[in-house]
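Student: I am new to this structure and would like to take a close look at a single part of it. Could you walk me through that part slowly, once it is in front of us?

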Protein chains: 2
Amino acid sequence: MRKNPIFQRETLGAAVLQVRSGRATSRTTLAKALGISPSTVGLYVDQLIAERFLNESGLNQGPMGRPRRILTTRPDAGWFAGVEFNAQRIQAIGVDFSGAVLASVVQVLPAEVTADQVIKAILLSVSKLAASTRSPLLSVGLGVPGLVDAKAGVGLHYAFIPDWNDVPVVERIGSRLNVPVILQNNLRAIALAERWFGGGHELSNYVILGPRSGFGVAMVQDGKLIEGAHHAAGEMGRWPWPLADGKGSSQELHHALSAPATWRRLAGVGLRAKLPEDLREGLAELASKQGPEWDSVCEDFARVIGCLQLLADTGVFILHGPLTMLGTRFCESITQTALELMPALGAAGLRIVPSTLGDDAGALGAASLAMEAWMPA
Amino acid sequence: MRKNPIFQRETLGAAVLQVRSGRATSRTTLAKALGISPSTVGLYVDQLIAERFLNESGLNQGPMGRPRRILTTRPDAGWFAGVEFNAQRIQAIGVDFSGAVLASVVQVLPAEVTADQVIKAILLSVSKLAASTRSPLLSVGLGVPGLVDAKAGVGLHYAFIPDWNDVPVVERIGSRLNVPVILQNNLRAIALAERWFGGGHELSNYVILGPRSGFGVAMVQDGKLIEGAHHAAGEMGRWPWPLADGKGSSQELHHALSAPATWRRLAGVGLRAKLPEDLREGLAELASKQGPEWDSVCEDFARVIGCLQLLADTGVFILHGPLTMLGTRFCESITQTALELMPALGAAGLRIVPSTLGDDAGALGAASLAMEAWMPA
DNA sequence: GGCTTTTTATTCGAATGCGAAAAAATCCAA
DNA sequence: TTGGATTTTTTCGCATTCGAATAAAAAGCC
């Protein structure tokens with residue numbers, strides 16, 4: 001019998017990731033994918049099978065030679081929790097190894113919620129999910145609005161929860177659940193979700209556009225999230241911004257391109273106009289709109305994206321949040337306008353697309369944090 | 001006698017780096033700095049002493065205990081070459097382990113220079129440097145203008161040398177010199193020089209502003225250069241840019257803030273005005289200038305930097321190129337204007353400073369590439 | 001069936017690095 | 001002078017990983 005040393009969890013996770021993603025199906029292909037020797041892979045696979053993370057499911061005969069012993073992941077090996085919240089609501093989602101959603105819990109938070117109440121609600125949500133699953137919880141990801149120190153695991157600031165300042169979230173949640181807890185800004189978490197659940201499997205450079213009540217972006221360069229020296233990268237809502245339609249003097253970007261501002265501009269109503277009950281529906285009604293309002297909004301987005309592309313050269317922009325309701329036509333209009341305004345963008349190829357993740361994007365992002373911690377790339 | 005295995009060059013280099021930088025002076029401190037065990041460090045140090053990269057120079061008695069055997073680098077262990085060029089001139093510089101400049105060679109290139117001539121000039125420059133040094137050449141860094149694929153070692157495009165397209169520089173230089181050759185865009189190389197030779201020893205997030213004939217920036221996030229999906233990150237010269245003084249319609253950023261454009265604006269002359277013979281001197285004369293021209297230039301720079309800071313949150317901006325002749329007062333004016341225009345910037349601390357590297361910045365940047373390859377962080 | 005060919009998995013010896021313990025080098029106090 | 005006390009360095013055994021050789025499992029061919 002082979003000896004059974006304790007391997008690095010990191011490499012074990014990476015191995016599972018390769019199998020999960022279908023990039024490796026046998027010990028030999030796994031060795032190539034991980035860049036380690038076949039002999040070592042054998043040991044790793046032994047352990048992963050012993051720990052019930054992997055299965056051997058029959059043989060696969062190639063054109064010649066000894067057949068491969070096919071490796072598959074076991075969805076029941078464990079699950080990951082992802083929790084996202086804002087000042088109004090909290091959503092927790094459970095996913096298994098294959099990325100399938102096991103369950104989702106949404107809870108409305110009380111008005112003027114406090115940090116303590118949020119922490120309690122997170123714990124409650126996760127335990128609700130746990131009640132419906134028999135397999136063990138492997139890790140928890142938290143998508144938190146506002147400023148986040150991901151490394152320290154501290155929520156630094158969030159304007160809409162007054163006492164959300166320097167909250168040691170990872171410590172408070174982790175000490176209760178006894179599994180790894182990973183914290184990240186919610187928009188940056190969504191950027192990871194795009195890789196784990198969305199269409200961007202192979203992307204390593206892209207930008208998430210997240211216009212909601214403000215205007216933030218999350219940037220991924222070389223597969224890594226850009227956080228900034230003070231955890232504030234992507235907070236471009238305060239860019240000085242002269243409107244495309246020339247009305248009004250220079251203002252800040254989020255006054256022009258936040259989700260509510262975009263609705264107001266497209267709807268052709270003034271700043272005082274009441275927002276529709278459901279902003280998403282309100283925007284969906286405007287998806288087929290034409291005319292100068294549409295053009296001017298598209299031009300503003302095109303200029304923002306053009307600037308980002310020239311500066312960071314990511315090439316791919318994924319639109320998130322309520323504005324996805326404006327559909328692919330919106331993104332196409334922006335792309336076209338951008339290329340007209342800044343022909344230089346055409347050279348490298350500019351892709352602007354709406355996200356396919358839907359309403360669960362935030363929670364899926366949080367779950368991605370959990371998965372990424374367990375299965376590092 | 002201890003056995004003498006062949007260690008990873010990477011770790012050997014990292015060890016030398018720690019000693020070089022003064023962060024580690026003995027085997028024990030070196031072990032802590034590198035995060036490896038003291039026993040292993042002993043082996044590494046043995047090898048480095050055998051290879052004449054390190055010296056043991058006496059003992060250092062602490063307040064108690066066995067005295068440390070002090071480790072020092074040997075400047076004569078080898079040297080690094082850095083080469084920078086543009087369409088007009090080529091500069092090669094040789095530095096030793098301590099970062100001291102051994103020699104510098106400047107050569108004027110012929111008008112309408114070709115890629116082949118540049119390659120030859122690079123080889124000639126390095127061999128000129130080599131002639132004056134007895135110690136071995138360890139690696140060569142090349143700071144190349146235009147688009148560069150650093151990973152592949154290929155110069156992709158440079159507008160001012162017509163046939164500079166997809167030039168396999170690393171291959172062509174490396175095959176002659178038989179040492180590692182590292183390629184990078186020249187402005188990005190300068191960003192590294194700021195860490196190796198400038199004041200930014202401990203910086204891991206900063207931006208290099210390099211307004212010359214165009215307007216480019218180099219960004220470092222978490223200690224890593226941002227290159228972009230198509231190696232074009234930082235080429236923000238083509239941002240649409242409405243001038244601060246309101247004259248003229250919207251144009252591109254480099255028309256407003258390149259080094260010549262800045263001189264013209266500060267000098268108060270029109271677009272057709274002839275540039276001074278030496279732009280640096282011309283700018284130096286304007287360093288004490290006051291008035292609306294000065295204010296409007298500062299405001300434009302403040303807006304650019306403000307946008308970058310809000311987006312990438314690096315906190316530190318280092319001005320390079322001819323505009324450094326405008327001195328610290330220029331940077332202070334910009335800082336002040338930026339904080340007035342965008343008070344949000346004040347929170348995290350904004351620092352805008354002129355580079356201290358001087359005219360050799362480009363060549364020193366190239367040398368930094370060589371050093372960083374040999375001594376990875 | 002017995003042979004070769006091809007591909008995959010395992011075994012085995014060696015290399016590299018770590019942790020714990022031992023040794024070394026100094027100061028200080030008795 | 002001798003015996004701690006303290007800190008640095010080295011020794012030694014063990015764990016992990018790799019490379020090369022070997023074994024295994026099939027297909028094709030005679």
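Student: How many residues does the contact take from chain B and how many from chain A?

Tutor: Please keep in mind that this is a predicted model. The contact takes 34 residues from chain B and 34 residues from chain A, and the area buried between chain B and chain A is about 2,400 Å², with carbon and sulfur atoms giving 66% of that area. Within chain B, the residues that lose the most area to chain A are L310(B), L311(B) and D313(B), which together make up 26% of what that side buries.

As for the pairings across this interface, the rule finds zero salt bridges between chain B and chain A, whereas 15 residue pairs are counted as being in polar contact, both residues of a pair being at pLDDT 80 or more. On the side of chain B that touches chain A, the elements that give two or more residues are β12 (215-221) and α10 (292-312) of chain B, and the largest share, six residues, comes from α10(B). Sorted by kind, the residues of that side of chain B divide into 18 nonpolar, ten polar and six charged.

Let us turn next to the enclosed spaces, since residues of both chains appear in their linings. A search of the whole structure finds two cavities of 30 Å³ or more. The largest cavity holds about 150 Å³ of space, and its lining is formed by Q221, D222, K224, L225, I226 and E227 of chain A together with Q221, D222, K224, L225, I226 and E227 of chain B. Among the elements, β13 (224-225) of chain A and β13 (224-225) of chain B each supply at least two residues of this lining, and the residues that line the largest cavity divide into four nonpolar, two polar and six charged.

The second largest cavity has a volume of about 50 Å³, and it is lined by M219, Q221, I226, L311 and A312 of chain A and by M219, Q221, I226, L311 and A312 of chain B. Two or more residues of this lining are given by each of β12 (215-221) and α10 (292-312) of chain A, and likewise by β12 and α10 of chain B. The lining of the second largest cavity divides into eight nonpolar residues, two polar and no charged. L311(B) therefore deserves a second look in your viewer, for this residue is one of those in chain B that lose the most area to chain A, and L311(B) also lines the second largest cavity.Finally, although the rule finds zero salt bridges across the interface of chain B and chain A, the count over all chains comes to 23 salt bridges. One of them joins R23(A) with E202(A), whose closest N and O atoms are 3.8 Å apart. R23(A) lies in the loop between α1 (9-20) and α2 (27-34) of chain A, and E202(A) in the loop between α6 (186-196) and β11 (206-211) of chain A, so the pair ties together parts that are 179 residues apart in sequence.

Note on methods: Residues numbered from 1 in each chain as written. Chains lettered and ligands numbered in written order. Predicted model: local features only at pLDDT ≥ 70, side-chain atom pairs only at ≥ 80, totals over all residues. Heavy atoms only, no water. Contact = heavy atoms within 4.5 Å. Buried area = accessible area lost by both parts, 1.4 Å probe. Salt bridge = Lys/Arg side-chain N within 4 Å of Asp/Glu carboxyl O. Polar contact = N/O pair within 3.5 Å; in protein donor to acceptor, adjacent residues only side chain to side chain. Helix = DSSP H or I, 4+ residues; strand = E, 2+ residues; numbered from the N terminus. Nonpolar A, V, L, I, M, F, W, Y, C, P; charged D, E, K, R; others polar. 1 Å grid on protein atoms, 1.4 Å probe; cavity = no way out; pocket = protein on both sides within 12 Å on 5 of 7 lines; lining within 4 Å. Points joined across faces, edges and corners; volume = space filled by probe spheres on them.
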